[in-house]
Amino acid sequence: MGALVMSKAITIDGKSVSFIDGQTIMDAALAAGVYIPHLCHNPEFEPHGNCKLCIVSVNGRNMTACTMPAAEDMVVASDTPELDSDRQALVQMLFVEGNHICPACEASGNCQLQAAAYYLKMLSPHFMHFYPPREVDASHPDIFLDLNRCILCELCVRASREVDGKNVFGISGRGIGTHLVVNAASGRLGDTNFAVTDKAAQVCPTGAILIKRQGYKIPIGQRTFDHKKISEVQMEPAKRTEPEHE
Amino acid sequence: MNEKRKIRVATCSLAGCFGCHMSLLDIDEKLFDLLGVIEFDRTPFTDIKHCGPCDIGIVEGGVSNAENVHVLKEFRENCKVLVAIGACAITGGVPALRNNIDLWDCFQEVYLYEGGLEGNQIPNDPELPLPFDKVYPIYEVVKVDYFLPGCPPSADTIWKFLTDLIEGREPKLDYEMLHYD
Ligand code: SF4
Ligand code: SF4
Ligand code: FES
């Protein structure tokens, strides 16, 4: 029976990719070793579809690969100059909507937002910077939360809820006012039961959640994305969820 | 004219740390090759005070005060091709860390709480340019033709970029040459 089900297929950039019912386009692509850029997707968690970086054209309509269930005979285009330029614009918007000063960020070189920008050959953020006022929360003994760098991917929210069973993080507000909140009356991370060993402390794709006392243990120039593209790193399933900041 | 006209290049540092200029000097003996085909107009190397007509203008640093705007506009008006070099020119960079701190608070922190050589006072000489409330990337003030990221870009990256540009190719950086840090 399994073999029969396996025979269903979609095509991605002309390549036939098999899938089983219930898999998304992203699941099928990852399993087949076909790279579709993504930031908020991590196969360990329920897909959320909030960064839109995985935008693909499905039978001529743009959709997010991480949330769209694969269906027989779908014709998917992903690796096209048009889609990469849309993706670059999305990444540029993420840069100007936060405060990303990479030379002063401990995640630099290990950061997936930055790595996605490298992959898409982003030379400048292009748009006007918002320079939004955002908080840094250093109240926790082992972890910094720097909202200047949060891209609202909700991976920490999902990890804390689904894996740690704690619900330390949530998202509040709408539109440009959307922001990450911490589940404590004071709103401070130090007043939660968040622990450095939590899954949620390991999944942040950016420098928004940083483990304290790790600073510059690995020098700039020797970090994950200094020599490897995000497309290679995200296709190494065993390594992709290991802590990026150690 | 049998000698090929040299490409005229101007450079300046606005709200930057001169790191990008140091990295340019780091191309070492290739500087001689470079000087075979280019000549400098206004730069910290020549001490020429104003930018004249140039082929290429290279701007390091963001815009943090009124003088930065005057210099930047002079570059834009005189340079056929304007290049933003380094994180500060492209994003505001480290100086933009002050963008969410009130300017008055910054001044008090720097000049009042910890006394300087002249005691505890905020400098207020009419010669000093007016600081802005925020530091801006240069592309938010003038049109920029090329961006060369890095903090600073390495000497090799600068060399690759400049040789592409000077030889009339669209500058192209390999993966390992594109960095924001
Ligand atoms: S989180 Fe990533 S993109 Fe943002 S400043 Fe840090 S390294 Fe740069
Ligand atoms: S803190 Fe990190 S993991 Fe959490 S939503 Fe922001 S970017 Fe995503
Ligand atoms: S990876 Fe699909 S929307 Fe973020």
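**Exercise 1. Find which residues surround ligand 2, and sort them by class.**

*Solution.* Start at ligand 2 in this predicted model and collect its neighbours. One stretch of the shell includes Cys150(A), Ile151(A), Leu152(A), Cys153(A), Glu154(A) and Cys156(A). Leu180(A) joins them, and the remaining members are Cys204(A), Pro205(A), Thr206(A), Ala208(A) and Ile209(A). Now sort by class: 10 are nonpolar, one is polar and one is charged.

**Exercise 2. Do the same for ligand 1: which residues surround it, and how do they divide by class?**

*Solution.* Walk along chain A again. The neighbours of ligand 1 include Phe95(A), His100(A), Ile101(A), Cys102(A), Cys105(A), Ser108(A) and Cys111(A). Next come Leu113(A), Gln114(A), Arg149(A), Thr206(A) and Gly207(A). The class count gives six nonpolar, five polar and one charged. Did you spot Thr206(A)? This residue is listed around ligand 1 and also around ligand 2.

**Exercise 3. Describe the interface of chain B and chain A, beginning with its area.**

*Solution.* First, the area: about 2300 Å² is buried between the two chains, with carbon and sulfur atoms giving 62%. On the side of chain B, Tyr175(B), Tyr180(B) and Asp181(B) lose the most area to chain A, together 35% of what that side buries.

Second, the residues: 25 from chain B are in contact with 31 from chain A.

Third, the polar side of the story. The rule finds zero salt bridges across this interface, but 14 residue pairs in polar contact. Elements of chain B that give two or more residues to its side are α4 (86-91) and β6 (131-136). By class, that side divides into 15 nonpolar, six polar and four charged residues.

**Exercise 4. Check the pair Asp84(A) and Arg87(A): how far apart are their closest N and O atoms, and where do the two residues sit?**

*Solution.* Begin with the distance. The closest N and O atoms are 2.8 Å apart, and the cut-off is 4 Å, so Asp84(A) and Arg87(A) form a salt bridge. Then look at the backbone: both residues belong to helix α3 (residues 81-97) of chain A, and because they are three residues apart there, about one helical turn separates them. Over all chains, the count comes to 20 salt bridges.

**Exercise 5. Decide where in chain A pLDDT stays under 50.**

*Solution.* Take the whole chain first: its mean pLDDT is 94, and 93% of its residues reach 70 or more. Then look for the exception. Over residues 238-246 of chain A, pLDDT stays under 50, although the model has 23 contacts beyond four places in sequence for them. Where pLDDT is low, predicted coordinates should not be read in detail.

Key:
Residues are numbered from 1 along each chain as its sequence is written. Chains are lettered from A and ligands numbered from 1 in the order in which they are written. This is a predicted model: local features need pLDDT of at least 70, side-chain atom pairs count only at pLDDT 80 or more; totals for chains, interfaces and linings use all residues. Side-chain values use heavy atoms; hydrogens and water are left out. Contact means heavy atoms within 4.5 Å. Buried area is the accessible area (1.4 Å probe) that two parts lose on being put together, summed over both. A salt bridge is a side-chain nitrogen of Lys or Arg within 4 Å of a carboxyl oxygen of Asp or Glu. A polar contact is a pair of N or O atoms within 3.5 Å; within protein, one must be able to donate a hydrogen and the other to accept it, and residues adjacent in sequence count only if both atoms are side-chain atoms. Helices (H or I, at least four residues) and strands (E, at least two) are DSSP runs, numbered from the N terminus. Ala, Val, Leu, Ile, Met, Phe, Trp, Tyr, Cys and Pro count as nonpolar, Asp, Glu, Lys and Arg as charged, and the others, Gly among them, as polar. pLDDT is the predictor's confidence in each residue, from 0 to 100. A residue is near a molecule or strand if one of its heavy atoms lies within 4 Å of it.
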